[in-house]
Amino acid sequence: MPHRAARSAKKIGTMKRLGALVILLGLVAFAACTDSGGGERHPNQAPQVWLSAAPPEGSVGKYTVKLFWGGWDPDGEVRHYEYLVTDNRTGVFDPADLESGVWRTVVGNDSTFTFSADSLLNPNTAKLASEFVRSHTFFIRAVDELGLRSEYAYRSFTARTLSPDVVIEVPRASGGSQSDVPPIATFRWRATDYVDDLNTRQDPESVQYVLKSTLPFGGDFVKTLNYLRTPASRSDWRDWVFYRAPGDSGKWWTTPPQDFGTYVLAVRAKDEAGAITPVLDENFNARRIRVSPRTTGPLFSLTNEFMGTVATTVCSSPTTILDVPAGVALDFRLSATAASYGGIVSGYRYGWDIVDLTDPGQWEVDFTPFVTVDPDTKQDTARTPARKFFFGTHVFTAEVIDNSGFCSRIEVKVNIVQFSLERNLLVVDDFAADDNPLGNPGWNNVLGRGILPTDAEHDEFWLSMMQNLDGFDPALDMIATSQGSTIPLTKLASYKSIIWSAFSSVDTRQADKLPELYRYILHRSTKPGSGTVSGKVTPNLLALTMAAGGHVLITGQQPVQNVIPRTAVTPRFPFIFLYELEDPQTTTPDVNDPTGTADFAYRELCLETLDFAYTTNQRIRNRADNYCRVLAGLRSQFGSLRDDTMREALPLDPNFPKLTLRP
């Protein structure tokens, strides 16, 4: 241990002497460096920079440009770059802009820049989608690790764009006439930004609008509009709003309450390059507005599956009258819009048998905001619960109101009809074959060329068919509609079964009653916006009859085509036979697959044994064997007695009763 300790002490002593020597040498070296005559320190050299890709000097091009640059430091590394962009207000570079400009840091060797193009190129010929330009000079410099900056590289060029335009959609242009709006109005517009040409489009960056009273200009619309075209109106315009703001609030504006009087509405847009719609044009982005009391409210539509749709825009509409079988459930769909005059529908209410309309307690539902929008019509919509009545007369009242307090109201008086179903069968003669456009000679023509019976032959057939039916009275149980008469629901209410024999053209241009009565596509009693509805509506008689428990057989010329849907609405009434007209086929119609809508197999079209001659609708006939071969007038042409009638219609239910006719 003492020997080992002695060696350790000696080693420590040696290390101390070496340390002192190192310190001494360091001091000598430091003194040499500080001695002006004993060495030379090299100064830091500035880095270099260059633009490797940029628009040609003095060129005119897009306002969005990707620039590339590079740099090198001879005695170190380039830490980052700095750039500066000048807006050459006079069209050329001003050295003062370089001195006062702000340099910004960028690390990479390229970047995409959006340059402003906010100067109208030709102010004297300004129009929608005018050219806007702005001259710029782009400067770039490199900075090394010690903060030393290079000389700058630069490029001058002009950015170009087309200005955005705006079309006010509510209210619409009216040829210089004023648009009447309520005190609280909602204006809507659509803006388009043209990037480089009229084919390259996008949304603008923001919009700005103004509603200026004409009062300071003596009520003169033109003077007011001219004022808004000047820089003096800058303070009248509202702040810029992001066009794609949440809730589409950059595309519409609801005013605060306005005093009655006349105004000018104007809207302009700004794109990302700073170009602003340069003109105010009454056909596009300016409107003459008059705020005044209204005599009409929202367009209010009331729909029921049996009566169709009635509509009004006033709060004092005459009553609509509807006959309904006892025990049939009734509900209504309410739809409303006030967009045509700049209003917003704020709520609806409804009730049955209200005595005092001014008493809120008598309404089943007091004013309630709409929460659903119809995807097809884009209108606010709601549906009432179903109600059943078994006797008497009941009145359904519904009302909508806009955000300025203007209302529209519809009343429907519902007469409850008792269905006795006491008689067996009614034959409805909706067949006027003598008036058909085919020049029909009749079945009994000596030439044998008739493909339809005459009206007399038609009547004779049905009288023959019913002669052995107990209790059938032709004077009572067989009625005609072809002369424009109307069949009341009370008449149908007495019958368990109805045979409705019709002559219907595929395009329903014939003057028969069947298409308008059993076509499921709902009809309006008045055109939208026509103002009022009144009087007794023609309901879907056959749908009401079936809802009350009656049975209906449709027969005659082309009745099937007349219930094939012509819109996306799939019909449910009437059931021509046991097949519901749903579940459309997506492939070639299959005669053994009886489902489908506009693509019936040909056998299903031939269920009308008596009067159906041939199909003429290319979409729904089977081209391989496209004619029904059941009529005497056609058999000689085809030489076939094949039975393609309802007796061979492949019913889905094997117990479905079959129609059997005597020879």
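Reader: Let's start with E19 and strand E22 (residues 333–337): over how many bridges do they pair, and in which sense?

Author: Happy to begin there, with the note that this is a predicted model. One pair to look at is Leu-299, which stands opposite Thr-337 in E22. E19 and E22 pair in the antiparallel sense, over 5 bridges.

Reader: Which strand forms a hairpin with E19?

Author: Strand E19 (residues 299–304) is joined by 5 bridges to a strand that runs antiparallel to it. Within this pairing, Ser-301 stands opposite Ala-311. The hairpin has 3 residues between its strands, and the partner of E19 in it is E20.

Reader: And how many residues of strand E20 (residues 308–312) are buried?

Author: Here a residue counts as buried when its relative accessible area is under 20%. By that cut-off strand E20 is mostly covered, and the count of buried residues is 5 of 5.

Reader: Going the other way from E22, which residue of E26 stands opposite Ser-335?

Author: E22 is joined to strand E26 (residues 380–383) by 4 bridges, and the two run antiparallel. Opposite Ser-335, in E26, stands Thr-381.

Reader: Let's move to the open sheet of 5 strands: what is its order?

Author: The pairing in this sheet is mixed. Its edge strands, each pairing on one side only, are strand E11 (179–181) and strand E15 (241–242). Reading across the sheet, the order is E11-E18-E17-E14-E15.

Reader: Within that sheet, what is the bridge partner of Tyr-263 in E18?

Author: Strand E17 (residues 261–270) and strand E18 (residues 286–291) run antiparallel, with 6 bridges joining them. The partner of Tyr-263 across this pairing is Ile-289.

Reader: Helix H3 (residues 221–228) lies across some strands; at about what angle does it run to E17?

Author: H3 lies across strand E14 (206–213), E17 and E18. The helix also packs against these strands through its buried residues. Relative to E17, H3 runs at about 30°.

Reader: Why do the buried residues of H3 fall on the same side?

Author: The buried residues of this helix are Phe-221, Thr-224, Leu-225 and Leu-228. They sit on the same side of H3 because the arc they cover around the axis is only 95°.

Reader: What does a side-chain oxygen of Asp-220 reach at the start of H3?

Author: Asp-220 brings that oxygen to within 2.8 Å of a backbone atom at the start of the helix. The atom it reaches is the backbone nitrogen of Val-222.

Reader: Now for helix H4 (residues 455–465): within what arc do its buried residues fall?

Author: In H4 the buried residues are Glu-457, His-458, Trp-462 and Met-465. Seen down the helix axis, they line one face of H4, because they fall within an arc of 130°.

Reader: Which residues are exposed on the other side of H4?

Author: A residue is called exposed when its relative accessible area is over 50%. On the other side of H4, the exposed residues are Ala-456 and Glu-460.

Reader: Is Thr-186 buried or exposed, and what is its relative accessible area?

Author: Thr-186 lies in strand E12 (residues 186–194). Among the residues it touches are Val-170, Trp-252, Trp-253, Ile-344 and Asn-403. Since buried means under 20%, Thr-186 is buried, with a relative accessible area of 1%.

Reader: Which residue joins its side chain to that of Thr-186 in a polar contact?

Author: This polar contact is 2.8 Å. The residue at its other end is Thr-254.

Reader: Near the start of the numbering, what is the bridge partner of Lys-66 in E6?

Author: Strand E3 (residues 64–72) is joined by 5 bridges to strand E1 (residues 48–53), running antiparallel. In that pairing, Ala-53 has Phe-68 as its bridge partner. E3 is also joined by 5 bridges to strand E6 (residues 110–114), again antiparallel. There, the partner of Lys-66 is Thr-112.

Reader: To finish with the whole protein, what percentage of its residues count as buried?

Author: The secondary structure comes to 10 helices and 33 strands. The accessible surface is about 34,000 Å², with 53% of it belonging to carbon and sulfur atoms. Of the 663 residues, the share that counts as buried is 45%.

Terms used:
Residues are numbered from 1 along each chain as its sequence is written. This is a predicted model: local features need pLDDT of at least 70, side-chain atom pairs count only at pLDDT 80 or more; totals for chains, interfaces and linings use all residues. Side-chain values use heavy atoms; hydrogens and water are left out. Two strands pair if DSSP finds at least two bridges between them. Contact means heavy atoms within 4.5 Å. Axes are lines fitted to C-alpha atoms, for helices over the stretch in contact, and angles run from 0 to 180 degrees between N-to-C directions. Buried means under 20% relative accessible area, exposed over 50%, partly exposed in between (1.4 Å probe, protein chains only). The arc is that of the directions from the helix axis to the C-beta atoms. Accessible areas come from the Shrake-Rupley method with a 1.4 Å probe; for residues, only the protein chains shown count as cover. A polar contact is a pair of N or O atoms within 3.5 Å; within protein, one must be able to donate a hydrogen and the other to accept it, and residues adjacent in sequence count only if both atoms are side-chain atoms. Lists of a residue's contacts leave out its neighbours within four places in sequence.
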